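Got the viewer open? Let's take a short walk through this one, a stop at a time.

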Amino acid sequence: MCSPPRSLYELRTCLEQSFPPSDERYGYFNLPKVVYPADPDFSSARRTDYGNAQPAVVVMAETADDVRNAVTCAAEAGYRISPRGRGHSYQTLSNSNGYVVIDCSLLCKPEEFVFSHEEGDWILEGQKYIGTVYSGSGCTNAVMLAATAKEFAPEEGALFATGTCPSVGITGYLLGGGSGDVTPSTGWGSDDVLELRAVIWNGTNAEYITANKEENADFFWASLGGGGGLGVITDIKTAIVQSPEPLPHEDRRKFLFPLLYFRYFGEEWKRAGLELLRRFLYENPKESHKFGGGGFLHSEFFVLDGIYLGSAEEFIESFGKNYLLQDFPPSTGYHTIYQKLTSEADTLEDVCDGTGPCQDWPNFHGAIIEFESYGEAMLYKLCYQVAVRDDIEMRGTQTSGDWCKDLKISSDNCVSGKYGQKVPICGKREVLDALLEAAYDPESFFNHGGYPEWYVDLAIKEGRTVWRDSDDIPTSLGGLLIPDVDVDTLIKISDVGTGINHFQHGAPMHFSSD
């Protein structure tokens, strides 16, 4: 069927009938329900993390009916549609020139999530999922992390697979494949999707559909991993996978944020170290699936960081016997830092403070931060990543520059940052509790990405470049995914110097004909 010729008059007439003019405002950027290019709010309405497109109109959808009405108006007037979750698409698909953008961020309503606590077998041997959640398509990584943490007790070890940027929308993440710090254990995000609800245009009218393995299966499978584009997703049902069991003598699950350096002392060390890393990740999935994340491959060392699903003791045993922990003499200045946050403590406690040997462990160059819940471990990592580490991650939230003010906590929970901003002390429980509440609120600063205006202004003043409102986005900004490659390739990558968002090992490498 041929599309009708585009008619702006028909589009506007239909939208005004479906969404009568009102003084109400919606969302974080306080927008009208429908925004056109001539409107004063258009610059904010078309805003995405990447790209500079000029859509025909932006519709802020609050309900599935809003989505259906917007789809109907666009199709009948001959316009194409760009569904937008949170505007993080590196390919700038959240916002296209001349399209009708249907913004789904207001469909994220955590108070309306439908959780189950059903159980069943999952991807890896002996593994199970312990629940499901039906959520709105406009939610973020941070919302789903917080909602799962609130629904399940820490000792249950509930894992909702998310990416590593809090403000990324889950629909693009899940439909695009979805890789993160726990996906070596849970499977890719697309592996965890059980059902979709969507609005499609059937050639005559807009209709609601439900898609899963049995119903509208073609739509379901075509959506997973392909990035969507077949309809506007309104709701997603996702599995919640259980973290591995603790060691027999441990009374509860533990979760780590590890940071590990492996240094080369000549080319033979480089080849041996990278081969040891490759074998651990891709030939030892029973152990390596507990570690997920990325790091940096450098000509003189590699760095690993991420999340480890186990205790410090288990990490040391596993990485040690796989020869990934170098034992340096104290005289070299390299020392291991080990901190933990227990349920009774208000802040991280030093077990080994980096000034001397750490228990009977190898004296490796790195740090281990241990938590008693996955939610705390991941929130600590996100805090470190978007608030503390470096300026490239500043685009992850809309912080005002004063994190304590943003989180509504006392100023003694923050210290001065690189650019004069007030950054949180991530290891304090008051900070983590406040981050949990900010993560749970879809309209908080924590759930909206893009570089904050104050940071853009500062960068311009200092003559620095930030990636903002540009169609010329380098591919290196995307999440680099490293599969199993031979050691010669790893050496070449290291000699160039390459940051890695996610290694691809464990559960995502297990395929099933089902």
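A cavity here is a set of grid points where a 1.4 Å probe fits but cannot get out, and its volume is the space filled by probe spheres set on those points. Keep in mind that you're looking at a predicted model.

Start with the empty space. Searching the whole structure turns up 3 cavities of 30 Å³ or more, and the largest cavity holds about 260 Å³. To find that cavity, select Phe29, Arg47, Arg86, Asp103 and His448, the lining residues nearest its centre. In total, 23 residues line the largest cavity. What is the mix of nonpolar, polar and charged residues in that lining? The lining has 6 nonpolar, 11 polar and 6 charged residues.

Next, show helix α4 (residues 141-151) and helix α14 (residues 429-440). Their axes come within 7 Å and cross at roughly 115°, and the crossing is left-handed. Now put sticks on the contact: α4 brings Ala142, Val143, Ala146, Ala147, Ala149 and Lys150, while α14 brings Leu436, Glu437, Ala439 and Tyr440. Colour these contact residues by type and you get 8 nonpolar, 2 charged and no polar.

Last stop: aromatic rings. The count comes to 28 aromatic pairs. For one of them, select Phe115 and Phe152: the ring centres are 6.2 Å apart and the planes sit at 75°, so this pair is edge-to-face. Phe115 is in strand β5 (residues 114-116) and Phe152 is in the loop between α4 and β8 (158-159), so the pair ties together parts that are 37 residues apart in sequence.

Methods
Residues are numbered from 1 along each chain as its sequence is written. This is a predicted model: local features need pLDDT of at least 70, side-chain atom pairs count only at pLDDT 80 or more; totals for chains, interfaces and linings use all residues. Side-chain values use heavy atoms; hydrogens and water are left out. Axes are lines fitted to C-alpha atoms, for helices over the stretch in contact, and angles run from 0 to 180 degrees between N-to-C directions. Helices (H or I, at least four residues) and strands (E, at least two) are DSSP runs, numbered from the N terminus. A crossing is left-handed if the near helix is turned anticlockwise from the far one by less than a right angle, and right-handed if clockwise. Contact means heavy atoms within 4.5 Å. Ala, Val, Leu, Ile, Met, Phe, Trp, Tyr, Cys and Pro count as nonpolar, Asp, Glu, Lys and Arg as charged, and the others, Gly among them, as polar. On a 1 Å grid over the protein atoms alone, a cavity is a set of points where a 1.4 Å probe fits but cannot get out, and a pocket is an open set with protein on both sides within 12 Å along at least five of seven lines; lining residues have an atom within 4 Å of a point. Rings of Phe, Tyr and Trp (its six-membered ring) pair if their centres lie within 6.5 Å; planes under 30 degrees apart count as stacked, over 60 as edge-to-face and the rest as tilted.
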